[in-house]
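Good morning, and thank you for the time on today's agenda. Please look at the sequence and the structure on the screen before I begin.

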Amino acid sequence: MLKHERYRLILSTLEEKNSVEVSELAKSLDVTEMTIRRDLKALEDEGLLVRVHGGAKKKDADYITELPYTQKQTINVDKKTHIAKLCAELIEDNDTIFISSGTTNDFIFDYLQAKNLNIITTSLTVFNRAKDFPNTEVILTGGRYRKKSGTFVGYFTNKLLSEIKVKKAFIGTNGVSGRKITTANEEEGHGHQIILDNAVERYILADSTKFGTEAFFTFYDVKNITAIITDENINPHTEDYYKEIVKILK
């Protein structure tokens, strides 16, 4: 069995069981305990697990707090523009799409070439980028305005989202941990759930720093989305783990 395959199986086992013994892994993977110990050390060095006496345990996700929108605009710009370009390439003429709030999502319009689009958004910033885009119809949901993220949330927002069907949904996230896709605010998360359920193709935008991090509210399961769109700096072992569950675009 190749090393990268052992790594993937070790991480998958930890995701299911939270902890595992060296002897158990050696038996299930049909290798020596010495090989497993080397594998665990290598994965710990990459920050993907924590070794304990006789085995390893799942690394606790880094819990993050939400930064103001203006502050996030200056972070990981190269990664965000890479992801935005991939998103733009997925959007075709005559598509009906949803674009959530998020500083990555704002960059999509720098690369968008498709025409005759119908765009739905909860984001005031996305709306301001989209409203002057040629040959485009734009719907801003309205609702209660949440200044920290520049997003409309709440009952009126969700009522409209529940009545809309879209071809493609592009949703940002604050963190991806295991199969959990998370956001800092439960009201935004409920809106994401609704529109993802009403989308044919479901895309989560997560730069490589978002993996192994977790925010307050889990709004979707990785296994139920079409693809995670990320950047080329994603840890290869993390990528191998997620490739078994969902398509990875980078």
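I shall speak about three helix contacts, one cavity and one pocket.

Please keep in mind throughout that this is a predicted model.

I begin with helix α1, which covers residues 3-17, and helix α2, which covers residues 22-29. Their axes come within 11 Å and cross at roughly 125 degrees. That angle makes α1 oblique to α2. As for handedness, the crossing in which α1 passes α2 is right-handed. Which residues meet here? On the α1 side they are Arg6, Leu9, Ile10, Thr13 and Lys17, and on the α2 side Glu24, Leu25 and Leu29. Sorted by class, the residues of this contact are 4 nonpolar, 1 polar and 3 charged.

Helix α1 also has a contact with helix α3, residues 33-45. The axes of α1 and α3 come within 11 Å, and the crossing is at roughly 75 degrees. Angles of 65 to 115 degrees count as roughly perpendicular, and α1 and α3 are therefore roughly perpendicular to each other. From α1, the residues in this contact are Lys3, Arg6, Tyr7, Ile10 and Leu11. They meet Thr35, Asp39, Leu40, Ala42 and Leu43 of α3. By class, the contact of α1 with α3 holds 6 nonpolar, 1 polar and 3 charged residues. If you compare the two lists, you will find Arg6 and Ile10 of α1 in the contact with α2 and again in the contact with α3.

The third pair is α8 and α9. At what angle do the axes of α8 and α9 cross? They cross at roughly 10 degrees and come within 9 Å. Because angles under 35 degrees count as roughly parallel, α8 is roughly parallel to α9. Here Asn158, Leu161 and Ser162 of α8 meet His190, Gly191, Ile194 and Ile195 of α9. This contact has 3 nonpolar and 4 polar residues, and no charged ones.

Helices α8 and α9 lead us to the cavity. The count comes to 1 cavity of 30 Å³ or more, and the largest cavity holds about 60 Å³ of space. Its lining includes Phe98, Thr122, Asn158, Leu161, Gly191 and His192. The elements that give two or more residues to this lining are β9 (151-153), α8 (155-162) and α9 (186-197). Which element supplies the largest share? That is α9, with 4 residues. In terms of class, the cavity lining has 4 nonpolar, 6 polar and 2 charged residues. Note that Asn158, Leu161 and Gly191 are in the cavity lining and also in the contact of α8 with α9.

Finally, I turn to the second largest pocket, which has about 420 Å³ of space. It is lined by 23 residues, and those closest to its centre are Gly47, Leu48, Phe211, Gly212 and Thr238. Helix α1 appears once more, for α1, β11 (175-177) and α10 (236-243) each supply at least two residues of this lining. The pocket lining has 9 nonpolar, 8 polar and 6 charged residues.

To close, I would ask you to find α1 on the screen and to follow it from its contact with α2 to its contact with α3, and then to the lining of the second largest pocket. Thank you.

Conventions: Residues numbered from 1 in each chain as written. Predicted model: local features only at pLDDT ≥ 70, side-chain atom pairs only at ≥ 80, totals over all residues. Heavy atoms only, no water. Axes fitted to C-alpha atoms, helices over the stretch in contact; angles between N-to-C directions. Parallel < 35°, antiparallel > 145°, perpendicular 65-115°, else oblique. Left-handed = near helix turned anticlockwise from the far one by under 90°. Contact = heavy atoms within 4.5 Å. Nonpolar A, V, L, I, M, F, W, Y, C, P; charged D, E, K, R; others polar. 1 Å grid on protein atoms, 1.4 Å probe; cavity = no way out; pocket = protein on both sides within 12 Å on 5 of 7 lines; lining within 4 Å. Points joined across faces, edges and corners; volume = space filled by probe spheres on them.
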